[in-house]
Amino acid sequence: MREAINIKNLSYMYSEDTRALESVNMTVHEGERIAIVGPNGAGKTTLLLHLNGILHGTDGQVEVFGKSVDKVKREEIIKDIGLVFQDPDDQLFMPTIFDDLAFGPINLGLKEDEVRKRVEKALLTLGLSGYENRCPHHLSYGEKKKASLAAVMSMEPRILVLDEPTANLDPRSRAELIEIIKGLNEREGITIVTATHDVNAVPTLADRVYV
């Protein structure tokens, strides 16, 4: 099975006395579902931010489909890997949901017809059809979570990275989002990496777990 992500001896320091990651090794194969669990401050989010080049390790290497994240252009990375932040307000910043979902594809240089097609598909997948002209900040928290995931899915990534996707959701919204994530893996073959405190969701969201 092809390696989607390969992390070798990755270390990262925020300052001289704050070591967030130390010699982390992790392999994720294409089509797998991986959960990363650990207490607050363990470095889960820091690790995720290395996967698409937002952060760069002080030591070690991160490869996505055999390409070093440090050595390829950012636009190449984001075609392969999409990161959904824990707080949807960090991801949604445009006047309407349509604009948020179209932002990434437009910046990839796609034509208008393709942008619209991707937006419509992402809205349908996340159960947000009809929300195109809604203001993101007027949505419920659960709807914002789905919209932030839709914004990443409009980029059609091969790997989906989720930071605490079920955090602060009511039981119904949580169950709905878990089913959507499962479907993305089962129907579309998208590789899923999830950092979570929600240990009850781990058996549903993951085939393997890194602690």
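Helix 5 is largely enclosed by the rest of the structure, because 12 of its 13 residues are buried; here buried means under 20% relative accessible area, exposed over 50% and partly exposed in between, with a 1.4 Å probe and protein chains only. This is a predicted model, in which local features need pLDDT of at least 70, side-chain atom pairs count only at pLDDT 80 or more, and totals for chains, interfaces and linings use all residues. Residues are numbered from 1 along each chain as its sequence is written, and side-chain values use heavy atoms, with hydrogens and water left out.

The buried residues of helix 5 include the charged-name run E143, K144, K145 and K146, along with A147, L149 and V152. They pack against strand 6, helix 3, helix 4 (112-125), strand 7 (159-163) and helix 6 (171-188), where contact means heavy atoms within 4.5 Å. From its first C-alpha to its last, helix 5 reaches 18 Å, close to the 18 Å expected at 1.5 Å a residue; the expected span is 1.5 Å times one less than the number of residues. Helices (H or I, at least four residues) and strands (E, at least two) are DSSP runs, numbered from the N terminus.Now for the pockets. On a 1 Å grid over the protein atoms alone, a pocket is an open set of points where a 1.4 Å probe fits, with protein on both sides within 12 Å along at least five of seven lines, and lining residues have an atom within 4 Å of a point. Grid points are joined across faces, edges and corners, and a volume is the space filled by probe spheres set on the points.

| Pocket | Volume | Largest share of lining |
|---|---|---|
| Largest | about 470 Å³ | helix 3, four residues |
| Second largest | about 220 Å³ | strand 2, four residues |

Which residues lie closest to the centre of the largest pocket? Of the 20 that line the largest pocket, they are I78, Q91, F103, G104 and M155. Helix 5 (141-153) appears here too, since helix 2 (74-80), strand 6 (81-84), helix 3 (97-107) and helix 5 are the elements that give two or more residues to this lining. By class, the lining has 11 nonpolar, five polar and four charged residues; Ala, Val, Leu, Ile, Met, Phe, Trp, Tyr, Cys and Pro count as nonpolar, Asp, Glu, Lys and Arg as charged, and the others, Gly among them, as polar.

The second largest pocket is lined by 13 residues, and V24, I36, V37, L47 and V211 are the closest to its centre. Strand 2 (18-29) and helix 1 (44-51) each supply at least two residues of that lining, which divides into nine nonpolar, three polar and one charged.

Strand 2 also pairs with strand 1 (residues 3-15): the two run antiparallel and are joined by eight bridges, where pairing takes at least two DSSP bridges. A hairpin through two residues connects strand 1 to strand 2, and M13 stands opposite R19 in strand 2.

L10 has its place in strand 1 and counts as buried because its relative accessibility is 1%. Leaving aside neighbours within four places in sequence, L10 is in contact with residues including L21, V24, L47, H50 and V62. V24 and L47 are also among the residues closest to the centre of the second largest pocket. L205 lies 195 residues from L10 in sequence and 25 Å away in space, C-alpha to C-alpha.

Is N52, in the loop between helix 1 and strand 4 (59-64), buried or exposed? At 6% relative accessibility, N52 counts as buried. Not counting residues up to four places away in sequence, N52 touches V69, R74, I77, I81 and L83.
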